[in-house]
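Trainee: Could we go through this model together? I would like to hear the reasoning behind each label.

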Amino acid sequence: MNNIPSVTRNLLIINVLAFIATWVLQQSGIDLTTLCGLHFFMASDFHAYQFLTYMFLHGSFMHILFNMFALWMFGSVIERVWGPQKFLVFYIVCGLGAGIVQEIVQYAMYVTQGLAAYEYVDTGTARITVAQYINMWTTIGASGAVYGVLLAFGMIFPNERLFIIPIPFPIKAKWLIVGYIFIELFSALGSPGDGVAHMAHLGGMLFGFLLIRYWQRHPNGSQQFGRSRGQEFFDNLKRRFDERQQSRGHGSNTARQQQDTARRESDAEFNARQRKNQEEIDAILDKIRRSGYDSLTKEEKQKLFDQRR
């Protein structure tokens with residue numbers, strides 16, 4: 001657990017504790033899902049805080065197992081790339097977005113089924129009021145936020161090869177994301193009553209995509225959520241390079257001052273080359289901040305590697 005980044009580790013702990021609390025309280029007659037699960041906004045049990053609490057509840061052991069495994073597997077990587085604050089903001093936004101999309105889908109169901117015109121609904125096993133029926137529309141689970149994290153991994157490391165059971169060969173992350181999108185879309189259209197919030201999964205990915213695109217277009221604004229270790233490394237590299245240049249360019253040297261005109265001209269040429277080299281390094285570092293390390297060309301990566309060495 002100590003090797004897991006702080007936010008990912010705490011999210012895992014909170015989800016597990018919430019799962020245990022759900023089971024313990026249920027033995028005492030307290031239904032945590034009813035209190036903290038996300039209800040349809042027109043239902044009597046709906047509360048605004050449920051947009052946040054629903055993503056920490058799970059309905060079964062397999063439900064929480066798969067979600068937490070994916071969060072550990074992909075969330076640890078993304079948090080190390082972005083830093084804890086930015087990752088936490090992204091995770092919460094994806095979870096909230098999944099809840100919003102689920103509410104929109106449920107409202108569409110409410111309208112298309114014409115429930116406003118009826119007082120009672122026949123569920124097949126009982127005849128209940130419409131108010132009771134829509135109160136049963138409850139969503140729980142971290143899947144929407146986790147699907148957003150999965151999307152982030154696919155966008156940051158699109159060509160990373162992954163082994164996914166039961167596929168017997170490695171698949172690139174970008175194609176895995178595309179596959180998940182189609183599976184969720186077809187499941188939502190083909191199996192609307194299977195009890196899985198497929199559109200919420202897609203909603204988490206949608207809001208994650210929009211947030212990543214926003215950060216890509218406003219790189220300076222996204223820095224307020226913290227700097228990743230990679231950014232700190234390149235900032236330290238730039239600072240050491242600047243200090244070295246200053247010591248060479250501004251350090252007093254009596255022997256140099258006594259050199260002849262030809263030698264001073266050679267120094268001037270050297271300093272000009274060093275300034276040009278520094279400008280190129282600065283441009284590469286700026287490009288990393290804007291678009292990430294993978295956006296560099298082979299020549300830019302080699303130049304950065306040579307400078308670090």
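Trainee: How do you know that the length of H5 agrees with what a helix should span?

Mentor: This is a predicted model, and the check is simple arithmetic on it. H5 has 29 residues, and at 1.5 Å a residue they should span 42 Å. The end C-alpha atoms of H5 are 42 Å apart, so the two values agree.

Trainee: What follows H5?

Mentor: Gly 114 does, and its phi is positive, near 65°.

Trainee: How do you know that the span of H7 agrees as well?

Mentor: The reasoning is repeated with other numbers: the 14 residues of H7 should span 20 Å, and its end C-alpha atoms are 20 Å apart, so H7 agrees with expectation.

Trainee: What makes H7 "mostly covered"?

Mentor: Buried means under 20% relative accessible area, and 13 of the 14 residues of H7 are buried. Over the protein chain, 38% of the 309 residues count as buried.

Trainee: Which part does H7 play in the largest nonpolar core?

Mentor: That core has 44 residues. Helices H1, H4, H5, H7, H8 and H9 each supply at least two residues of it, and the largest share, nine residues, comes from H7.

Trainee: Which residues have the most contacts inside this core?

Mentor: They are Leu 71, Ile 78, Trp 82, Phe 90 and Tyr 91. Take Leu 71: beyond four places in sequence, Leu 71 touches Thr 8, Leu 11, Leu 12, Ser 76, Phe 87, Tyr 91 and Val 146. Apart from this core lies another, of 10 residues, including Tyr 110 and Trp 137.

Trainee: Why is His 58 called buried?

Mentor: The relative accessibility of His 58 is 3%. The cut-off for buried is under 20%, so His 58 counts as buried at 3%. His 58 is found in the loop between H3 and H4.

Trainee: What makes the pairing of the His 58 and Asn 67 side chains a polar contact?

Mentor: A polar contact needs a pair of N or O atoms within 3.5 Å, one able to donate a hydrogen and the other to accept it. The side chains of His 58 and Asn 67 make such a contact at 3.2 Å. In addition, a polar atom of the His 58 side chain lies 3.3 Å from the backbone nitrogen of Ala 142. Among the residues that His 58 touches beyond four places in sequence are Asn 15, Phe 19, Ile 140 and Gly 141.

Trainee: How far apart are Ala 142 and Ile 92, in sequence and in space?

Mentor: They are 50 residues apart in sequence and 9.9 Å apart in space, C-alpha to C-alpha. Ile 92 has its place in helix H5 and touches Leu 52 and Met 55, leaving out residues up to four places away in sequence. For the protein chain, 66% of the contacts between residues at least 6 apart in sequence join residues at least 24 apart.

Trainee: Where does pLDDT stay under 50?

Mentor: Over residues 226-230, for which the model has 13 contacts beyond four places in sequence. Where pLDDT is low, the predicted coordinates should not be read in detail. Among the elements of the protein chain, helix H12 has the lowest mean pLDDT, 49, and helix H3 the highest, 97. The chain averages a pLDDT of 84, and 81% of the residues score at least 70.

Terms used:
Residues are numbered from 1 along each chain as its sequence is written. This is a predicted model: local features need pLDDT of at least 70, side-chain atom pairs count only at pLDDT 80 or more; totals for chains, interfaces and linings use all residues. Side-chain values use heavy atoms; hydrogens and water are left out. A nonpolar core is a set of buried Ala, Val, Leu, Ile, Met, Phe, Trp, Tyr and Cys residues joined through side-chain atoms within 4.5 Å. Buried means under 20% relative accessible area, exposed over 50%, partly exposed in between (1.4 Å probe, protein chains only). Helices (H or I, at least four residues) and strands (E, at least two) are DSSP runs, numbered from the N terminus. Contact means heavy atoms within 4.5 Å. The expected span of a helix is 1.5 Å times one less than its number of residues. pLDDT is the predictor's confidence in each residue, from 0 to 100.
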